[in-house]
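Visitor: I'd like to go through this one by asking how each label was earned. Can you walk me through it?

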Amino acid sequence: MASDSQASAAALQATLFDFAIAELVRQHRQSFAPLWTRDSWAKLLIWLALNCGAGHDRDDLEAFAAALGPVLTRRMRRLFFERELEDLGLQVMADPAEQQVLVLPLAGEGPVDRQAAAAALEQLGLSERVVEPERWQALEAVLAVPWAQNGNGHGDAPGSAGGTDGTDGTDGTAGEGPCA
């Protein structure tokens, strides 16, 4: 019986941690400018590390990032670059490490309304960071919107060499490392 109680307590703690970290990311993701960039993601990680007692030097920050692990890091990153716009019925996933912004319906299926997608991108401040609507691609229930050449705020295309995170984006591991 004690084993079941311990397992239940561990599951509750895991659920609480998952909820807390998700809320922490959602509550603070707007605080790290410029939004929708690799720099904003790196700033969040540094802020978290410093608030968790990690040192200021590179080795301490890298140790913190490694301690997060790939599963938690991927989940945090997805939450950081994802927005749900209930008023438009859309979900926008705009990770600058990816080749394109994805716009999906929150409910149901079918094609995403392009006018609603344009309104969502405008509302989120992404309109100037993506290509013109004529180049958007409908893929079943998803609208794929490529980043503009300067869309990631680094003067280079997302996933290309030259990002400030030390990745070159060419090895297929976008989003794998904590600062990718």
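Guide: What follows is a set of questions about labels, each answered with a value and its cut-off.

Guide: This is a predicted model, in which local features need pLDDT of at least 70, side-chain atom pairs count only at pLDDT 80 or more, and totals for chains, interfaces and linings use all residues. Residues are numbered from 1 along each chain as its sequence is written, and side-chain values use heavy atoms, with hydrogens and water left out.

Visitor: How many helices and strands does the protein have, and in what pattern?

Guide: There are four helices and five strands, running α-α-α-β-β-β-α-β-β along the sequence. Both kinds of element are DSSP runs, numbered from the N terminus: helices are H or I with at least four residues, strands are E with at least two.

Visitor: What makes Ala 120 buried?

Guide: Its relative accessible area is 0%. Buried means under 20%, exposed over 50%, and partly exposed in between, with a 1.4 Å probe and protein chains only. At 0%, Ala 120 is therefore buried. Ala 120 sits in helix α4, residues 114-123, and is in contact with Leu 85, Leu 88, Leu 90 and Val 92, leaving aside neighbours within four places in sequence. Contact here means heavy atoms within 4.5 Å. The C-alpha atoms of Ala 120 and Gly 89 are 9.4 Å apart, with the two positions 31 residues apart along the chain.

Visitor: Why is Glu 82 called buried?

Guide: Because its relative accessible area is 10%, Glu 82 counts as buried. Glu 82 belongs to strand β1, residues 82-85. Beyond neighbours within four places in sequence, Glu 82 is in contact with Arg 29, Gln 91, Val 92 and Met 93.

Visitor: And why is Asp 18 called partly exposed?

Guide: Asp 18 has 31% relative accessibility, so the label is partly exposed. Asp 18 lies in helix α1. Its C-alpha is 9.8 Å from that of Met 76, and the two are 58 residues apart in sequence.

Visitor: How do you know that the span of α2 agrees with what its residue count predicts?

Guide: The expected span is 1.5 Å times one less than the number of residues. For the 14 residues of α2 (38-51) that gives 20 Å, and the end C-alpha atoms are 20 Å apart, so the two agree. After α2 comes Gly 53, with a positive phi near 95°.

Visitor: What about α3, and where does it bend?

Guide: α3 has 23 residues, but its end C-alpha atoms are only 22 Å apart, short of the 33 Å that a straight helix would reach. The bend is at Gly 69, by about 95°, and Pro 70 follows within four residues. That bend is the angle between axes fitted to the seven residues ending at a residue and the seven starting there. Among the buried residues of α3 are Leu 68, Gly 69 and Leu 72.

Visitor: What makes the largest nonpolar core a core, and which element gives the largest share?

Guide: A nonpolar core is a set of buried Ala, Val, Leu, Ile, Met, Phe, Trp, Tyr and Cys residues joined through side-chain atoms within 4.5 Å. The largest one has 37 residues, and those with the most contacts inside it include Met 76, Val 92 and Leu 121. Elements that give two or more residues include α1 (2-28), β3 (100-105) and β5 (142-146). The largest share, six residues, comes from α3. Outside the four places on either side in sequence, Met 76 touches Ile 21, Val 25, Trp 41, Leu 45, Leu 48 and Leu 68.

Visitor: Why is the pair of Phe 80 and Phe 81 called edge-to-face?

Guide: Rings of Phe, Tyr and Trp (its six-membered ring) pair if their centres lie within 6.5 Å; planes under 30 degrees apart count as stacked, over 60 as edge-to-face and the rest as tilted. There are three aromatic pairs by this rule. Phe 80 and Phe 81 have centres 4.9 Å apart and planes at 90°, an edge-to-face pair. Both Phe 80 and Phe 81 are buried, and ring pairs link them with Trp 41 into a cluster.

Visitor: How do you know that Ser 40 is buried?

Guide: The relative accessible area of Ser 40 is 1%, so Ser 40 is buried. Ser 40 lies in helix α2 and is in contact with Phe 32, Pro 34, Leu 35, Phe 80 and Phe 81, leaving aside neighbours within four places in sequence.
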